[in-house]
Amino acid sequence: EAASCATGSCAVGSCDAGWDDCDGDPANGCEEDLATSEQACGGCGRACPPRTYCGAGVCDGSLAVVEVTAGGGAGVAVSDRGHGCARRASGQVVCWGANGTGQLGDGSTTDSLVPVGVLGLSDATGVEAGDEHTCALRGGAAVCWGRNFYGELGVGPLGLTAMLPLPTAVEGVADAARIAAGGFHGCLLRTGLGVACWGWNPVGELGDGTTTNTPVPAPMAGV
(Lines give C-alpha, C1' and ligand atoms only; values in the text may rest on other atoms or scores of the structure.)
Protein backbone atom coordinates (compact mmCIF):
# COMPACT_ATOMS: atom_id res chain seq x y z
CA GLU A 1 0.00 0.00 0.00
CA ALA A 2 1.27 3.51 -0.77
CA ALA A 3 1.91 6.01 1.97
CA SER A 4 -0.77 8.51 2.87
CA CYS A 5 -0.67 11.88 4.59
CA ALA A 6 -2.46 12.37 7.90
CA THR A 7 -2.07 15.06 10.59
CA GLY A 8 0.82 16.60 8.70
CA SER A 9 2.98 13.48 8.32
CA CYS A 10 3.34 10.57 5.90
CA ALA A 11 2.65 7.04 7.09
CA VAL A 12 2.01 3.59 5.69
CA GLY A 13 -1.37 2.17 6.55
CA SER A 14 -2.07 -1.54 6.32
CA CYS A 15 -0.07 -3.69 3.91
CA ASP A 16 -1.39 -6.36 1.58
CA ALA A 17 -1.15 -9.89 2.93
CA GLY A 18 2.41 -11.18 2.74
CA TRP A 19 4.01 -7.74 2.60
CA ASP A 20 5.20 -5.35 5.30
CA ASP A 21 6.85 -1.97 5.85
CA CYS A 22 9.97 -3.16 7.63
CA ASP A 23 12.18 -0.10 7.24
CA GLY A 24 9.58 2.41 8.41
CA ASP A 25 10.17 4.55 5.34
CA PRO A 26 6.86 5.71 3.91
CA ALA A 27 8.53 6.60 0.62
CA ASN A 28 8.77 2.95 -0.46
CA GLY A 29 5.56 1.71 1.15
CA CYS A 30 5.32 -2.00 1.97
CA GLU A 31 8.71 -2.92 0.54
CA GLU A 32 9.31 -6.42 1.88
CA ASP A 33 7.85 -9.61 0.40
CA LEU A 34 7.72 -11.78 3.52
CA ALA A 35 7.55 -14.97 1.46
CA THR A 36 10.91 -14.48 -0.28
CA SER A 37 12.88 -11.72 1.47
CA GLU A 38 16.05 -13.05 3.08
CA GLN A 39 16.06 -10.02 5.38
CA ALA A 40 12.44 -10.40 6.47
CA CYS A 41 11.56 -14.04 5.96
CA GLY A 42 8.09 -14.52 7.40
CA GLY A 43 8.19 -11.21 9.26
CA CYS A 44 10.19 -8.03 9.80
CA GLY A 45 13.51 -8.61 11.52
CA ARG A 46 13.64 -12.30 10.64
CA ALA A 47 16.83 -12.48 8.57
CA CYS A 48 17.87 -15.85 7.19
CA PRO A 49 21.28 -17.20 8.27
CA PRO A 50 24.10 -17.28 5.72
CA ARG A 51 23.84 -19.90 2.93
CA THR A 52 20.08 -20.19 3.29
CA TYR A 53 17.21 -18.88 1.19
CA CYS A 54 13.72 -17.69 2.01
CA GLY A 55 10.89 -19.71 0.52
CA ALA A 56 7.23 -19.44 1.52
CA GLY A 57 8.28 -17.38 4.54
CA VAL A 58 10.69 -20.03 5.89
CA CYS A 59 14.49 -19.99 5.81
CA ASP A 60 15.70 -23.03 3.87
CA GLY A 61 19.29 -24.15 3.52
CA SER A 62 18.62 -27.01 1.11
CA LEU A 63 19.10 -24.86 -2.01
CA ALA A 64 22.44 -23.45 -0.91
CA VAL A 65 25.33 -24.41 -3.21
CA VAL A 66 28.02 -26.25 -1.24
CA GLU A 67 30.25 -27.46 -4.09
CA VAL A 68 30.95 -26.41 -7.67
CA THR A 69 33.01 -28.02 -10.44
CA ALA A 70 33.82 -27.17 -14.06
CA GLY A 71 34.90 -29.46 -16.88
CA GLY A 72 35.29 -29.65 -20.64
CA GLY A 73 37.35 -27.83 -23.18
CA ALA A 74 40.32 -30.20 -23.26
CA GLY A 75 42.07 -29.69 -26.59
CA VAL A 76 39.33 -27.50 -28.06
CA ALA A 77 37.82 -24.10 -27.49
CA VAL A 78 36.09 -24.13 -24.10
CA SER A 79 32.92 -22.82 -25.73
CA ASP A 80 32.70 -26.03 -27.78
CA ARG A 81 32.01 -28.37 -24.89
CA GLY A 82 32.62 -26.79 -21.51
CA HIS A 83 30.13 -27.46 -18.73
CA GLY A 84 29.78 -26.89 -15.02
CA CYS A 85 27.88 -28.47 -12.15
CA ALA A 86 26.96 -27.52 -8.60
CA ARG A 87 25.82 -29.55 -5.61
CA ARG A 88 23.20 -28.14 -3.30
CA ALA A 89 23.01 -28.80 0.44
CA SER A 90 19.97 -30.97 -0.21
CA GLY A 91 22.03 -33.38 -2.34
CA GLN A 92 20.55 -32.18 -5.62
CA VAL A 93 23.00 -31.56 -8.49
CA VAL A 94 22.45 -29.01 -11.23
CA CYS A 95 24.55 -28.61 -14.38
CA TRP A 96 24.79 -26.15 -17.27
CA GLY A 97 26.63 -25.56 -20.54
CA ALA A 98 27.49 -28.02 -23.31
CA ASN A 99 25.49 -31.24 -23.37
CA GLY A 100 26.36 -32.95 -26.64
CA THR A 101 27.14 -36.25 -24.88
CA GLY A 102 24.64 -35.96 -22.02
CA GLN A 103 27.12 -34.52 -19.52
CA LEU A 104 24.41 -32.38 -17.87
CA GLY A 105 22.52 -35.48 -16.76
CA ASP A 106 19.04 -34.25 -17.63
CA GLY A 107 18.33 -37.09 -20.05
CA SER A 108 18.89 -34.96 -23.14
CA THR A 109 21.75 -33.81 -25.36
CA THR A 110 20.56 -30.20 -25.49
CA ASP A 111 22.95 -27.47 -24.30
CA SER A 112 21.64 -25.27 -21.52
CA LEU A 113 22.44 -21.64 -20.71
CA VAL A 114 21.02 -22.07 -17.19
CA PRO A 115 21.37 -24.81 -14.54
CA VAL A 116 19.21 -27.89 -15.06
CA GLY A 117 18.63 -30.62 -12.50
CA VAL A 118 20.38 -33.96 -12.87
CA LEU A 119 17.56 -36.49 -13.05
CA GLY A 120 17.29 -39.17 -10.40
CA LEU A 121 19.98 -37.67 -8.18
CA SER A 122 18.86 -36.06 -4.92
CA ASP A 123 21.36 -37.48 -2.42
CA ALA A 124 24.78 -36.55 -3.83
CA THR A 125 27.64 -36.06 -1.38
CA GLY A 126 30.18 -34.97 -3.99
CA VAL A 127 30.37 -34.04 -7.69
CA GLU A 128 33.20 -33.83 -10.25
CA ALA A 129 33.11 -32.75 -13.89
CA GLY A 130 35.37 -34.33 -16.50
CA ASP A 131 35.83 -33.30 -20.12
CA GLU A 132 32.48 -34.54 -21.42
CA HIS A 133 31.27 -36.55 -18.46
CA THR A 134 30.35 -35.97 -14.83
CA CYS A 135 30.53 -38.18 -11.74
CA ALA A 136 29.00 -37.93 -8.29
CA LEU A 137 29.12 -39.71 -4.96
CA ARG A 138 25.95 -40.89 -3.27
CA GLY A 139 26.87 -42.42 0.04
CA GLY A 140 29.47 -45.07 -0.73
CA ALA A 141 28.26 -45.54 -4.28
CA ALA A 142 29.41 -43.58 -7.34
CA VAL A 143 27.45 -42.62 -10.45
CA CYS A 144 28.57 -41.07 -13.73
CA TRP A 145 26.90 -39.76 -16.87
CA GLY A 146 27.87 -38.32 -20.26
CA ARG A 147 30.49 -39.48 -22.76
CA ASN A 148 31.63 -43.11 -22.45
CA PHE A 149 33.82 -43.67 -25.53
CA TYR A 150 36.84 -44.68 -23.43
CA GLY A 151 34.93 -46.23 -20.53
CA GLU A 152 35.02 -43.02 -18.50
CA LEU A 153 31.65 -43.76 -16.85
CA GLY A 154 32.91 -46.90 -15.11
CA VAL A 155 30.38 -49.11 -16.87
CA GLY A 156 31.73 -52.11 -18.78
CA PRO A 157 32.49 -53.52 -21.21
CA LEU A 158 34.36 -51.13 -23.48
CA GLY A 159 32.14 -50.10 -26.37
CA LEU A 160 28.97 -50.80 -24.38
CA THR A 161 27.65 -47.36 -25.27
CA ALA A 162 29.17 -44.09 -26.48
CA MET A 163 27.18 -42.02 -23.96
CA LEU A 164 24.67 -42.21 -21.14
CA PRO A 165 22.70 -39.01 -20.40
CA LEU A 166 21.51 -40.11 -16.94
CA PRO A 167 23.39 -41.08 -13.75
CA THR A 168 24.58 -44.69 -14.00
CA ALA A 169 26.23 -46.64 -11.20
CA VAL A 170 29.99 -47.19 -11.44
CA GLU A 171 30.40 -50.95 -11.34
CA GLY A 172 31.50 -52.67 -8.14
CA VAL A 173 31.66 -49.55 -5.96
CA ALA A 174 29.99 -49.40 -2.55
CA ASP A 175 32.76 -47.92 -0.39
CA ALA A 176 33.79 -44.69 -2.14
CA ALA A 177 34.94 -41.81 0.05
CA ARG A 178 36.12 -39.33 -2.61
CA ILE A 179 35.80 -39.12 -6.39
CA ALA A 180 37.71 -37.29 -9.13
CA ALA A 181 37.06 -36.93 -12.86
CA GLY A 182 39.87 -36.34 -15.34
CA GLY A 183 39.61 -35.56 -19.03
CA PHE A 184 38.49 -39.04 -20.06
CA HIS A 185 38.92 -41.08 -16.88
CA GLY A 186 37.84 -41.19 -13.25
CA CYS A 187 39.33 -42.20 -9.91
CA LEU A 188 37.98 -42.80 -6.44
CA LEU A 189 39.34 -43.23 -2.96
CA ARG A 190 37.87 -46.18 -1.12
CA THR A 191 37.16 -46.05 2.59
CA GLY A 192 39.84 -48.70 3.04
CA LEU A 193 42.33 -46.13 1.62
CA GLY A 194 42.76 -47.97 -1.68
CA VAL A 195 42.50 -46.05 -4.97
CA ALA A 196 40.79 -47.31 -8.12
CA CYS A 197 40.58 -45.67 -11.57
CA TRP A 198 38.88 -46.37 -14.90
CA GLY A 199 38.66 -45.01 -18.44
CA TRP A 200 41.32 -43.72 -20.83
CA ASN A 201 44.85 -44.96 -20.12
CA PRO A 202 47.27 -44.33 -23.04
CA VAL A 203 50.03 -42.96 -20.80
CA GLY A 204 49.16 -44.68 -17.53
CA GLU A 205 46.46 -42.32 -16.23
CA LEU A 206 44.90 -45.18 -14.27
CA GLY A 207 48.06 -46.08 -12.36
CA ASP A 208 47.46 -49.82 -12.76
CA GLY A 209 50.80 -50.59 -14.43
CA THR A 210 49.31 -50.79 -17.95
CA THR A 211 48.35 -48.52 -20.82
CA THR A 212 45.10 -50.36 -21.46
CA ASN A 213 41.78 -48.55 -21.29
CA THR A 214 39.61 -50.01 -18.53
CA PRO A 215 35.82 -49.48 -18.34
CA VAL A 216 35.47 -50.48 -14.67
CA PRO A 217 37.47 -49.44 -11.58
CA ALA A 218 40.95 -51.01 -11.53
CA PRO A 219 43.05 -50.94 -8.33
CA MET A 220 45.98 -48.56 -8.47
CA ALA A 221 49.26 -50.41 -8.03
CA GLY A 222 50.97 -49.92 -4.67
CA VAL A 223 48.42 -47.48 -3.22
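Q: Let's start with Tyr 150: is this residue buried or exposed?
A: This is a predicted model, and in it Tyr 150 has a relative accessibility of 19%. Buried means under 20%, so Tyr 150 counts as buried.

Q: How do I read a pair of aromatic rings, and which ring pairs with Tyr 150 in an edge-to-face way?
A: Two numbers do the job: a pair of aromatic rings is described by the distance of the centres and the angle of the planes. Here the ring centres of Phe 149 and Tyr 150 are 5.0 Å apart and the planes stand at 90°. Planes over 60 degrees apart count as edge-to-face, so that is the label for Phe 149 and Tyr 150. As for Phe 149, its relative accessibility is 52%, which makes Phe 149 exposed.

Q: What kind of aromatic pair do Tyr 150 and Trp 200 form?
A: A tilted one, with 5.1 Å from centre to centre and 35° between the planes. Look at where the two residues sit, too. Tyr 150 is in the loop between E13 and strand E14 (163-169), while Trp 200 is in the loop between strand E17 (195-199) and strand E18 (214-219). The pair therefore ties together parts that are 50 residues apart in sequence. Trp 200 is partly exposed, at 29% relative accessibility.

Q: How many aromatic pairs are there, and which residues form the cluster?
A: The structure holds four aromatic pairs. One aromatic cluster is made up of Phe 149, Tyr 150, Phe 184 and Trp 200.

Q: Now for strands. How do I read a sheet, and what is the order of strands in the open one with four strands?
A: Go across the sheet from one strand to its neighbour and note the direction of each pairing. In this open sheet the order is E15-E16-E17-E18, and the pairing is antiparallel. Strand E15 (176-181) and E18 stand at the edges. Each of these two has a single partner strand, so one side of each is left without a neighbour in the sheet. On average, neighbouring strands here are turned by 20° against each other, direction ignored.

Q: How many bridges join strand E16 and E17?
A: Five bridges, in the antiparallel sense, with E16 covering residues 185-190. For a spot to look at, find Cys 187, which stands opposite Cys 197 in E17.

Q: Speaking of cysteines, how do I recognise a disulfide, and how many are there?
A: Check the distance between the two sulfur atoms: a disulfide is a pair of cysteine sulfurs within 2.5 Å. By this rule the count comes to seven disulfides. One of them joins Cys 15 to Cys 30, with 2.0 Å from S to S. Cys 15 lies in the loop between strand E2 (9-12) and strand E3 (19-20), and Cys 30 lies in the loop between E3 and strand E4 (32-33). The two cysteines are 15 residues apart.

Q: Why is the disulfide of Cys 15 and Cys 30 called left-handed?
A: Look at the torsion about the S-S bond. For Cys 15 and Cys 30 it is about -85°, so the disulfide is left-handed. Cys 15 is partly exposed at 22% relative accessible area, whereas Cys 30 is buried at 11%.

Q: Which disulfide is right-handed, with 90° about the S-S bond?
A: That is the link of Cys 41 and Cys 54, where the sulfur atoms are 2.2 Å apart. Both cysteines of this pair are buried.

Q: What about Cys 48 and Cys 59?
A: Cys 48 and Cys 59 also form a disulfide, and their sulfur atoms are 2.1 Å apart. Cys 48 lies in the loop between E4 and E5, and Cys 59 in strand E6 (residues 58-60), so the pair ties together parts that are eleven residues apart in sequence. The torsion about this S-S bond is about -90°, so the link of Cys 48 and Cys 59 is left-handed. Cys 48 counts as buried at 14% relative accessibility, and Cys 59 as partly exposed at 33%.

Q: One last residue: where is Gly 146, and which residues does Gly 146 touch?
A: Gly 146 is in strand E13 (residues 141-147) and is buried, with a relative accessible area of 0%. Leaving out residues up to four places away in sequence, its contacts include Thr 101, His 133, Leu 153 and Met 163. Thr 101 is 45 residues away along the chain, yet the C-alpha atoms of Gly 146 and Thr 101 are separated by 5.1 Å.

Key. Residues are numbered from 1 along each chain as its sequence is written. This is a predicted model: local features need pLDDT of at least 70, side-chain atom pairs count only at pLDDT 80 or more; totals for chains, interfaces and linings use all residues. Side-chain values use heavy atoms; hydrogens and water are left out. Buried means under 20% relative accessible area, exposed over 50%, partly exposed in between (1.4 Å probe, protein chains only). Contact means heavy atoms within 4.5 Å. Rings of Phe, Tyr and Trp (its six-membered ring) pair if their centres lie within 6.5 Å; planes under 30 degrees apart count as stacked, over 60 as edge-to-face and the rest as tilted. Two strands pair if DSSP finds at least two bridges between them. Axes are lines fitted to C-alpha atoms, for helices over the stretch in contact, and angles run from 0 to 180 degrees between N-to-C directions.
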